[in-house]
Number of protein chains: 2
Amino acid sequence: MKRAREKFQALLKRNGLKLTKQRIALLDAVYATHRHFSAEDLHRDLQKLGHSVSVATVYRSLNLLVEGGLVQGLDVGKGRVLYEHTLGHEHHDHMVCLDCGKITEFQSPEIEELQDVAARAHRFVTVSHSLKLFGYCSHCAKKHPIAEERPAPNTRSGA
Amino acid sequence: MKRAREKFQALLKRNGLKLTKQRIALLDAVYATHRHFSAEDLHRDLQKLGHSVSVATVYRSLNLLVEGGLVQGLDVGKGRVLYEHTLGHEHHDHMVCLDCGKITEFQSPEIEELQDVAARAHRFVTVSHSLKLFGYCSHCAKKHPIAEERPAPNTRSGA
DNA sequence: TTTCATGCAAAACATTTGCAAGTCT
DNA sequence: AGACTTGCAAATGTTTTGCATGAAA
């Protein structure tokens with residue numbers, strides 16, 4: 001994506017950082033996929049592509065991209081963080097399947113609005129938010145009868 | 001809290017586990033505080049109380065309590081997990097101050113309902129959910145003019 | 001050339017685990 | 001006695017860091 005490159009270069013310039021071949025390869029790889037990937041996934045993908053960027057650089061660049069708003073981290077628990085690029089994607093929240101790990105995205109402007117209401121009520125200035133539902137995707141739920149029988153889960157939370 | 005003890009004993013019995021002095025001390029400590037604490041905090045508190053329960057046991061017991069639903073984990077990112085006891089506390093979500101770390105709890109039945117709607121729409125069986133707002137608490141926002149000036153943040157997300 | 005970036009390996013963290021010794025039932 | 005727990009230390013998995021070398025501006 002061209003706009004990603006431009007934004008990236010602006011980000012680098014703005015912070016007096018340099019455009020290296022590693023950073024280019026990494027940005028391209030990040031914007032080439034439309035899945036949620038871990039730092040390790042990205043590192044592996046880069047190697048496959050012949051750009052062996054070190055793990056350290058993968059982490060450093062990923063952090064840079066997150067700070068610059070070009071990439072977003074999704075903490076799926078147990079210290080696992082998945083990333084996704086942001087440009088070209090509307091804001092959304094996630095459902096995480098506890099069985100197969102599948103990530104389903106969903107949107108709810110109403111929820112966003114209610115979050116703002118809650119924040120205002122507490123004079124809290126929101127910078128970002130994270131809403132995740134953990135459970136079983138439509139496919140895996142079939143394998144978990146207990147899960148399917150479960151009553152309304154809205155009083156339980158892992159928040 | 002007496003009910004916590006009872007529930008705990010039932011949990012142990014149900015799973016063929018034993019009631020040890022470490023577990024008793026830990027449960028009491030967990031239910032004695034009304035703050036959000038880390039495993040390390042708990043370990044330290046127990047030592048102060050004269051019950052030196054090992055770190056390994058703190059983790060093992062905490063996991064047991066979480067599985068048993070007596071305690072809830074709150075993943076605040078960067079691999080940090082804070083815990084809170086559940087009995088005697090209504091369900092709620094959290095606002096995490098990026099400056100002072102203060103945790104503010106809030107409730108929104110409307111959001112819960114909308115989450116269920118979204119889950120149903122995707123035939124997703126929710127087991128738990130996590131909604132966190134990251135930003136600045138009313139106190140710290142004053143020290144962060146940039147944060148205060150920020151426009152409606154509902155299009156950004158760390159989800 | 002000056003500054004920043006990279007790769008490597010070591011370090012840092014938080015949490016988990018194997019195992020022998022100790023406790024609860 | 002028998003099964004489960006504990007503490008210790010080693011292991012784990014992930015991410016960060018110090019430092020010398022190499023690349024960009």
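Ala, Val, Leu, Ile, Met, Phe, Trp, Tyr, Cys and Pro count as nonpolar here, Asp, Glu, Lys and Arg as charged, and the others, Gly among them, as polar. This is a predicted model, where local features need pLDDT of at least 70 and side-chain atom pairs count only at pLDDT 80 or more, while totals for chains, interfaces and linings use all residues. Residues are numbered from 1 along each chain as its sequence is written, chains are lettered from A and ligands numbered from 1 in the order in which they are written, and side-chain values use heavy atoms, with hydrogens and water left out.

**Exercise 1.** Work out how the surface near DNA strand D splits by class.

*Solution.* Start with who's there: 22 residues surround the strand (near means a heavy atom within 4 Å), and A:Tyr59, B:Leu17, B:Lys18, B:Ser54 and B:Thr57 come nearest. On the DNA side, sugar and phosphate supply 71% of the strand D atoms within 4 Å of the protein. Now sort the residues: six are nonpolar, eight polar and eight charged.

**Exercise 2.** Find which side chains make polar contacts (here, N or O pairs within 3.5 Å) with DNA strand D, and to which part of the strand.

*Solution.* Take the base first: a base nitrogen sits 3.2 Å from a side-chain N or O atom of A:Lys18. Next, B:Gln22 puts a polar side-chain atom 2.9 Å from a sugar or linking oxygen. Finally, B:Lys78 has one 2.9 Å from a phosphate oxygen.

**Exercise 3.** Check how confident the predictor is in chain A.

*Solution.* The mean pLDDT (per-residue confidence, from 0 to 100) is 89, with 90% of residues at 70 or more. Then look for the weak stretch: pLDDT stays under 50 over residues 146–159 of chain A.

Note on methods: Contact = heavy atoms within 4.5 Å. Polar contact = N/O pair within 3.5 Å; in protein donor to acceptor, adjacent residues only side chain to side chain.
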